[in-house]
Amino acid sequence: MQMQKTRFIAGLLALVMVLALTACGKAAAAENAPTAAPQSTEAAQAADGTAEENSATDGGNILVAYFTAAENSGVDAVSSASVVTVDDTAKGVSQAVADMIAERTGGELFSIQTSVVYPADMGELIDYVAEEQDAGVLPELTTHIEDLDAYDTVFVGFPIWWYDMPQVMYSFFEEYDFAGKTIIPFTVHNGSRLSGTPATIQELEPEATVIQDGFTVSHQNAAEAAEDVAAWLDGLGY
Ligand SMILES: Cc1cc2nc3c(=O)[nH]c(=O)nc-3n(C[C@H](O)[C@H](O)[C@H](O)COP(=O)(O)O)c2cc1C
């Protein structure tokens, strides 16, 4: 485990170095950005917890719930610790994949948000999360699924943080009983892939069917993941 941790920290440092190298561009972009980053309609609906059905396909009974640092850091996506740009729109990495799933399935987007304001600085975020995880904190949720009965299938996505789900996901699974529903996990990562999280979710939701073949993509490849997402969904019959 120590070895694994050392390898992950090395990977994370490499990522931080890449981010540092692109920091000049990021700073320039941030200077020119409006005070609030432009959001797509879907993202805006997800952010205020009032997601509406995507009219592209009939996904009326599908919810696509996700947690991402960028929507829980008190700053716009460009200024957050973790961001990716898709079609000229800056967003959290988990959100980018959630958008692809919603687009393809017609599911409704739901942004899982908390009263915790996570540090926008990557180094501070890493330390904060390590302490939050060690203490087993269950962060308070500030967005809530209004009518869970309306959904049979719930895609649930999040970044891997220290080899696990963010603590806010434990709050999420504590709040809802998904008995009789199908949960389909997806993660974004920097090397740890799904990191055993589908099995963890199954333990937390023993009466739900949790698909173990979840989707996962690295932070670096997330912006270009739409085709892989589509192939994975095809394989699952969506
Ligand atoms: C606090 C923290 C811990 C992380 N721990 C891991 C980890 O254990 N394994 C891994 O592969 N990536 C790890 N990462 C990288 C994130 O999973 C990755 O950057 C992800 O794309 C962030 O997604 P987001 O933009 O939706 O927040 C970590 C990132 C942060 C900020």
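**Helices and confidence in a predicted model**

Biologist: What distance separates the end C-alpha atoms of helix α5, residues 122-135?

Modeller: In this predicted model, α5 has 14 residues, and at 1.5 Å a residue they should span 20 Å. The expected span agrees with the separation of the end C-alpha atoms, which is 20 Å.

Biologist: How many residues of α5 are buried, and which residue just after α5 takes a positive phi?

Modeller: Helix α5 lies largely in the open, because the number of buried residues among its 14 is 0. Just after α5, a positive phi of about 65° is taken by G136.

Biologist: Is helix α4 parallel or oblique to helix α8?

Modeller: Helix α4 (residues 93-105) packs with helix α8 (residues 226-236), their axes being 10 Å apart and at an angle of about 50°. Angles from 65 to 115 degrees would count as roughly perpendicular and those under 35 as roughly parallel. The relation of α4 to α8 is therefore oblique.

Biologist: Which residues of α8 are met by α4, and what is the hand of the crossing?

Modeller: From α4, the residues V97, M100, I101, R104 and T105 take part, and they meet A226, V229, A230 and L233 in α8. As α4 passes α8, the crossing is right-handed.

Biologist: Over which residues does the pLDDT stay under 50 or fall below 50?

Modeller: The protein chain averages a pLDDT of 83, and 75% of the residues score at least 70. Where pLDDT is low, the predicted coordinates should not be read in detail. The pLDDT stays under 50 over residues 16-45, and is below 50 over residues 49-57.

How values were computed
Residues are numbered from 1 along each chain as its sequence is written. This is a predicted model: local features need pLDDT of at least 70, side-chain atom pairs count only at pLDDT 80 or more; totals for chains, interfaces and linings use all residues. pLDDT is the predictor's confidence in each residue, from 0 to 100. Two residues are in contact if their C-beta atoms, placed from the backbone, lie within 7 Å. Helices (H or I, at least four residues) and strands (E, at least two) are DSSP runs, numbered from the N terminus. The expected span of a helix is 1.5 Å times one less than its number of residues. A residue is buried if 20 or more other C-beta atoms lie within 10 Å of its own, exposed if 12 or fewer, and partly exposed in between; C-beta atoms are placed from the backbone. Axes are lines fitted to C-alpha atoms, for helices over the stretch in contact, and angles run from 0 to 180 degrees between N-to-C directions. Angles under 35 degrees count as roughly parallel, over 145 as roughly antiparallel, 65 to 115 as roughly perpendicular and the rest as oblique. A crossing is left-handed if the near helix is turned anticlockwise from the far one by less than a right angle, and right-handed if clockwise.
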